[in-house]
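Here are some short exercises to work through with the structure open beside you. Try each task before you read its solution.

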Amino acid sequence: MTNAPATTAALSDYIVRAIADGYVFECSCGELYNTFALAKCCRKCRVYTKWETCTRVVNIETGETLYDMDAQYERWEQERIQREAAEQAARDEQARQAAAPFTMLDTCPALATILENK
Ligand SMILES: [Zn+2]
């Protein structure tokens, strides 16, 4: 075997047979495919992965990562959390202002100046 992986770890029979049969593309959920396109669109990842889509494809024969969106998905998740916190803070501020008592100064801010100069 000329394209054997450069590792000293023993490979399971399953992996050795998969590589021999050309199923070298491993998706996020661990399924093996014989083409990159099929691995990237793995339907099992919808059920078995955190993001419900394939975010990573590795060629198990060479160890090369061919597609990796894990970091991007983590960034998007952090941005979503920050955006939701900011939206909640804005809603809380609106609720606080709505609960504040209404005074004449709210409709006529100049009234404060008029009353001071009395
Ligand atoms: Zn998958």
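**Exercise 1. Place Tyr-14 and decide whether Tyr-14 is exposed or buried.**

Step 1: Tyr-14 counts as exposed, because 10 C-beta neighbours lie inside 10 Å. The cut-offs are 20 or more other C-beta atoms within 10 Å for buried, 12 or fewer for exposed, and partly exposed in between, with C-beta atoms placed from the backbone.

Step 2: Tyr-14 belongs to helix 1 (residues 13-20). Helices (H or I, at least four residues) and strands (E, at least two) are DSSP runs, numbered from the N terminus.

Step 3: Tyr-14 and Lys-50 are 36 residues apart in sequence, and their C-alpha atoms are 25 Å apart in space.

Before you go on, two notes. This is a predicted model: local features need pLDDT of at least 70, side-chain atom pairs count only at pLDDT 80 or more, and totals for chains, interfaces and linings use all residues. Residues are numbered from 1 along each chain as its sequence is written.

**Exercise 2. Work out the order of the strands in the open sheet.**

Step 1: Count the elements. The protein chain has 6 helices and 4 strands, and along the sequence they follow the pattern α-β-β-α-α-β-β-α-α-α.

Step 2: Pair strand 1 (residues 25-26) with strand 3 (residues 56-59), which run antiparallel over 2 bridges. Two strands pair if DSSP finds at least two bridges between them. Here Phe-25 stands opposite Asn-59 in strand 3.

Step 3: Add strand 4 (residues 65-68), which pairs with strand 3 in the antiparallel sense over 3 bridges. Arg-56 faces Asp-68 in strand 4, and Val-58 has Thr-65 as its bridge partner.

Step 4: Look at the turn. Strands 3 and 4 make a hairpin with 5 residues between them, and Gly-63 in that turn has a positive phi of about 80°.

Step 5: Put the order together: the open sheet of 4 strands reads 2-1-3-4, with antiparallel pairing. Strand 2 (32-33) and strand 4 stand at the edges with a single partner strand each, so one side of each has no neighbour in the sheet.

**Exercise 3. Find what is unusual about the phi of Glu-52.**

Step 1: Glu-52 sits in the loop between helix 3 (45-48) and strand 3.

Step 2: Its phi is near 60°, a positive value in a residue other than glycine. Most residues other than glycine have a negative phi.

Step 3: Glu-52 is exposed, with 11 other C-beta atoms within 10 Å.

**Exercise 4. List the residues of the largest nonpolar core and the contacts of Cys-54.**

Step 1: The largest nonpolar core has 11 residues: Ala-18, Tyr-23, Val-24, Phe-25, Cys-27, Tyr-33, Ala-39, Cys-42, Cys-45, Cys-54 and Val-57. Such a core is a set of buried Ala, Val, Leu, Ile, Met, Phe, Trp, Tyr and Cys residues joined through C-beta atoms within 7 Å.

Step 2: Setting aside neighbours within four places in sequence, Cys-54 is in contact with Cys-27, Ser-28, Ala-39, Lys-40, Cys-41, Cys-42 and Cys-45. Contact here means that the C-beta atoms, placed from the backbone, lie within 7 Å.

**Exercise 5. Check the length of helix 4 and how many of its residues are buried.**

Step 1: At 1.5 Å a residue, the 30 residues of helix 4 should span 44 Å, and the 43 Å between its end C-alpha atoms agrees. The expected span is 1.5 Å times one less than the number of residues.

Step 2: Helix 4 is hardly covered, with 0 buried residues among its 30.

Step 3: Take Glu-74 in helix 4 (residues 70-99). Glu-74 is partly exposed, with 13 other C-beta atoms within 10 Å.

**Exercise 6. Describe how the protein chain is spread out in space.**

Step 1: Its C-alpha trace spans about 100 × 25 × 25 Å along the principal axes.

Step 2: The domain assignment, automatic or from a database, gives domain 1 (13-68) and domain 2 (72-100). Their centres, taken over C-alpha atoms, are 37 Å apart.

Step 3: Buried residues make up 14% of the 118 residues.

Notes. Contact = placed C-beta atoms within 7 Å.
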